[in-house]
Amino acid sequence: MNQWKHAKTAILGFCALLSGCSALPDFFAPLGEGIESVPEPVPVAERPRLDPISRNYFVLESDAQAVVGEPQLVIATEENTFSVLAREYGLGYDELVAANPDVDPWLPGEGTPILLPTQYVIPDVPREGIVLNIASKRLFYFPHVEEGEAQPVMTYPIGIGRVGWETPLGSSAVISKARDPHWYVPTSVRKEHAELGDPLPAIVPPGPDNPLGRHVLKLNIPGYLIHGTNQPYGVGMRVSHGCVRLYPENIELLYDLVALGEPVNIINEPFLAGSHDGILYFESHTPLEDDAVSAEEHLAAAFARLERDAGRTMSASGRAHVRAVVAEGHGVPVAVTKSDPGEFLLRARVVHNTVEPDPNMPTLAEVRALLDGTAEGEVTEKVANDE
């Protein structure tokens, strides 16, 4: 993490030497058309409230389209927490935290605008089967379609392996499926829990105490699964022992759609670039703290992909502008042809707050106790109990 903080400092300093990013010349040399200025923002209170976009399902207009969705803004109520808002709008907890770094995730506050990062750059890999990007903690699924049919893409937040239990990278496939599975607890997991004073049985039967949830997709990587969870508020975080977890409603749908033998591509791309309607977008996520590849190496690979797709070399000022976007690391695609790295706030769709009260959610008093530290041990232990 310290390496990433130093990289962000260097990036911001580099942009400062260029007298800011508001007067950048062409993005690609020599054929770029220049960086456009951003108009004055319209206050959120003056924007109309619209219906939210689809949470998870999009249809690509062409094979060249690499960006789906659009950023949204929702106004929090007193009861809302990031965990609740994330699930309601198809996001993971960490995604909301990254997009709203100055907002308290447990007590956002009545009337606080919350940015929903519901626009996504599709990873630059073959569009088939399941693609898992552990850097963005998102799954992309490309259902099979006949030639000439429009390609849909479904995208869901995922929980991944925590430090020391990393989710493996590489090509895989779905080799079996199970409803209401038994959990055969790995010896290493039983040992860890025993050392924490929380012994586990060798086999956990189906039911509400089973951390696999009700649906499992087994991969041909021994010991690794894509599954649901009995702790949905951990989705979008690094809390598992390496498996990939989804919200129960999302894995239930995928379970019925995904066939045996479908490919699964597990990648680690914190920096993503793609275009839609003639606009180039760049999406930046803070690299995982235990990433063996440096942030600079990831960024160099992203620059190479951009230049390959454009067929020309990026200008120095264009690279500096992208570095400014990278420094923010909000996980929201930024139109890099615009001068302001925060331009997505201007085009964010202000939507109705559709959260319904959940009787199973902690009360505000319980949340305050958590923030005071009185319940921290109990909650941490529950979140850590994963496959």
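In the largest nonpolar core, which holds 29 residues, Leu96, Ile114 and Leu116 touch the most other members. The model is predicted. Four elements give two or more residues each to this core: α2 (82-88), α3 (93-99), β5 (113-116) and β8 (138-142). The largest share comes from α2, with four residues. Beyond its neighbours up to four places away in sequence, Leu116 touches Pro71, Gln72, Val74, Tyr89, Leu91, Leu96 and Val351. A second core is separate and has 23 residues. Leu132, Tyr141, Leu219 and Leu288 are included in this second core.

The cores belong to a chain of 387 residues, of which 49% count as buried. Its secondary structure comes to 10 helices and 23 strands. Among contacts with a separation of 6 or more, 71% are between residues 24 or more positions apart.

Aromatic pairing was examined next. Two aromatic pairs are found in a search of the whole structure. One of them joins Phe58 and Tyr120. The ring centres are 6.5 Å apart and the planes stand at 65°. An angle over 60 degrees counts as edge-to-face, so the Phe58 and Tyr120 pair is of that kind. Phe58 belongs to strand β2 (residues 57-59), and Tyr120 to strand β6 (residues 119-121). The pair therefore ties together parts that are 62 residues apart in sequence. Both partners fall below the 20% limit for burial: Phe58 has a relative accessible area of 11%, and Tyr120 has a relative accessibility of 2%.

A ring also takes part in a contact with a charge. The charged end of Lys177 sits over the ring of Tyr255, at 4.7 Å from the ring centre.

Strand β11 (residues 170-179) contains Ile175. This residue is partly exposed, with 44% relative accessibility. The value lies between the 20% and 50% limits, so Ile175 counts neither as buried nor as exposed. Its C-alpha atom is separated by 7.7 Å from that of Leu217, which is 42 residues away along the chain. Leaving out residues up to four places away in sequence, Ile175 touches Lys218, Leu219, Asn220 and Leu260. Of these contacts, Leu219 is also a member of the second core.

Trp165 lies in the loop between β10 (160-161) and β11. Its relative accessible area is 22%, and Trp165 is partly exposed. Burial requires a value under 20%, so Trp165 does not count as buried. Trp165 and Gly242 are 77 residues apart in sequence, with a C-alpha to C-alpha distance of 5.1 Å.

His276 lies in strand β19 (residues 271-276). It is buried, at a relative accessible area of 18%. Its side chain makes a polar contact of 3.5 Å with the side chain of Asp277. Neighbours within four places in sequence aside, His276 is in contact with Glu61, Gln65, Val67 and Tyr281.

Two helices were checked for their span. Helix α6 (residues 295-310) has 16 residues. At 1.5 Å a residue, α6 should span 22 Å, and its end C-alpha atoms are 23 Å apart, which agrees. The buried residues of α6 are Ala295, His298, Leu299, Ala302, Phe303, Arg305, Leu306 and Glu307. An α-helix has 3.6 residues a turn, so residues three or four places apart point the same way. Just after α6, Gly311 takes a positive phi of about 75°.

Helix α7 (residues 316-328) has 13 residues. The expected span at 1.5 Å a residue is 18 Å, and the end C-alpha atoms of α7 are 19 Å apart, which agrees. In α7, 10 of the 13 residues are buried, so the helix is largely enclosed by the rest of the structure. These buried residues are Ser317, Gly318, Ala320, His321, Val322, Arg323, Ala324, Val325, Val326 and Ala327. Gly329 follows α7 and has a positive phi, near 60°.

Technical notes
Residues numbered from 1 in each chain as written. Predicted model: local features only at pLDDT ≥ 70, side-chain atom pairs only at ≥ 80, totals over all residues. Heavy atoms only, no water. Phe/Tyr/Trp six-rings, centres within 6.5 Å; stacked < 30°, edge-to-face > 60°. Buried < 20%, exposed > 50% of the residue type's maximum accessible area, 1.4 Å probe, protein only. Lys NZ or Arg CZ within 6 Å of the ring centre and 35° of its normal. Contact = heavy atoms within 4.5 Å. Polar contact = N/O pair within 3.5 Å; in protein donor to acceptor, adjacent residues only side chain to side chain. Expected span 1.5 Å × (residues − 1). Core = buried A, V, L, I, M, F, W, Y, C linked by side-chain atoms within 4.5 Å.
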